[in-house]
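Subject: Structure for you to look at

Hello,

Here is the structure I promised to pass on. Please open it before you read the rest of this email.

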Amino acid sequence: MITITSSLPENPITYASIDFTETDEPRSTDFDDVYFSDCGGMDETEHVFINGCDLKKRLPASAGSLSGNGTGPREYLIGETGFGTGLNLLTLMRFYRLLEEEAELPDITFLTVEKYPLSPDDMARAHRHFPQLEKESKELLQALFSRPLHTGLNRVVINSHFTLVLMIGDISDCYSRISVNQPVNSWFLDGFNPKSNSDMWSLQSMKLLVNLSTAGTNIATFTVCREVRDNLREAGFTLVKRRGFGRKREMLTGFLASE
């Protein structure tokens, strides 16, 4: 069982300040940026994070169903920078539900961070853009808001296969003050625009992610900006550019090589 502990204090939270556009899409007034692509948020998650981290192969391989070694399911730890509306998790849950019809899969712990979480009403409103995720949205909303959230670590069992560990606070505070008994297998790097949310993409933050990773840990992100690439490389990741989603020509994937 994946165990995650934290020395972060537990205090009342401040919800995100949200504006909804004319098309009813959520936009952060704190960071002046949108929460998901107007070209298709769920499709972007599938392209950038699920395909970018090669989860269609890595999840069954982790469970042993590709290698045929009969080891059975084990837990897979996915880390994220920027929980937002929870869209990445919802899309992953739907992907998992479809993939488990074809292969044996490990249970997933989804470790993520958010400085200003959405309120229950705002999150539910944002999810209405994705009717194909209605089942997953109901599961997440019911589990996440069954009790008050607080700063620090919130552990939420969503269903028999998914556990959400949501840390509320600054990324540097959160990822520097946790202990995990298993390295992160894959990272979804999905903060707001690096120009408006530089702390999320700093060298210090990238080094914290490396500290929680191991050789073979892979990453994916929508941005290819020079500062992010430099910070990821200096932290220790080997990077590969891939075709981007929508109006973005390129995206980044990468991995930690063995020393």
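Below is what was found, starting with the whole chain and ending with one helix.

Please keep in mind that this is a predicted model.

The whole chain

The chain holds eight helices and 13 strands. Its radius of gyration is 17 Å, and the globule rule gives 18 Å for 259 residues, so the chain is as compact as a globular protein of that length. The C-alpha trace spans about 50 × 40 × 40 Å along its principal axes.

Of the 259 residues, 54% count as buried. Take the contacts between residues at least 6 apart in sequence: 72% of them join residues at least 24 apart.

Surface and charge

The accessible surface of the chain is about 12,100 Å², and carbon and sulfur atoms account for 45% of that. The chain has 26 positive and 35 negative charges, and the mean positions of the two sets lie 5 Å apart.

Helix H4

Helix H4 covers residues 120-127, and its buried residues are Asp-122, Met-123, Ala-126 and His-127. Viewed down the axis of H4, these buried residues fall within an arc of 135°, so they line one face of the helix. The general reason is that an α-helix has 3.6 residues a turn, so residues three or four places apart point the same way.

What covers the buried residues of H4? The cover includes two strands, S2 (18-20) and S3 (26-28), along with helix H3 (87-99) and helix H5 (134-144).

Regards

How values were computed:
Residues are numbered from 1 along each chain as its sequence is written. This is a predicted model: local features need pLDDT of at least 70, side-chain atom pairs count only at pLDDT 80 or more; totals for chains, interfaces and linings use all residues. Side-chain values use heavy atoms; hydrogens and water are left out. Buried means under 20% relative accessible area, exposed over 50%, partly exposed in between (1.4 Å probe, protein chains only). Helices (H or I, at least four residues) and strands (E, at least two) are DSSP runs, numbered from the N terminus. The arc is that of the directions from the helix axis to the C-beta atoms. Contact means heavy atoms within 4.5 Å. The radius of gyration is taken over C-alpha atoms; the globule rule is 2.2 Å times the number of residues to the power 0.38. Accessible areas come from the Shrake-Rupley method with a 1.4 Å probe; for residues, only the protein chains shown count as cover. Lys and Arg count as positive and Asp and Glu as negative; His and the chain ends are not counted. The place of a charge is taken as NZ of Lys, CZ of Arg, CG of Asp or CD of Glu.
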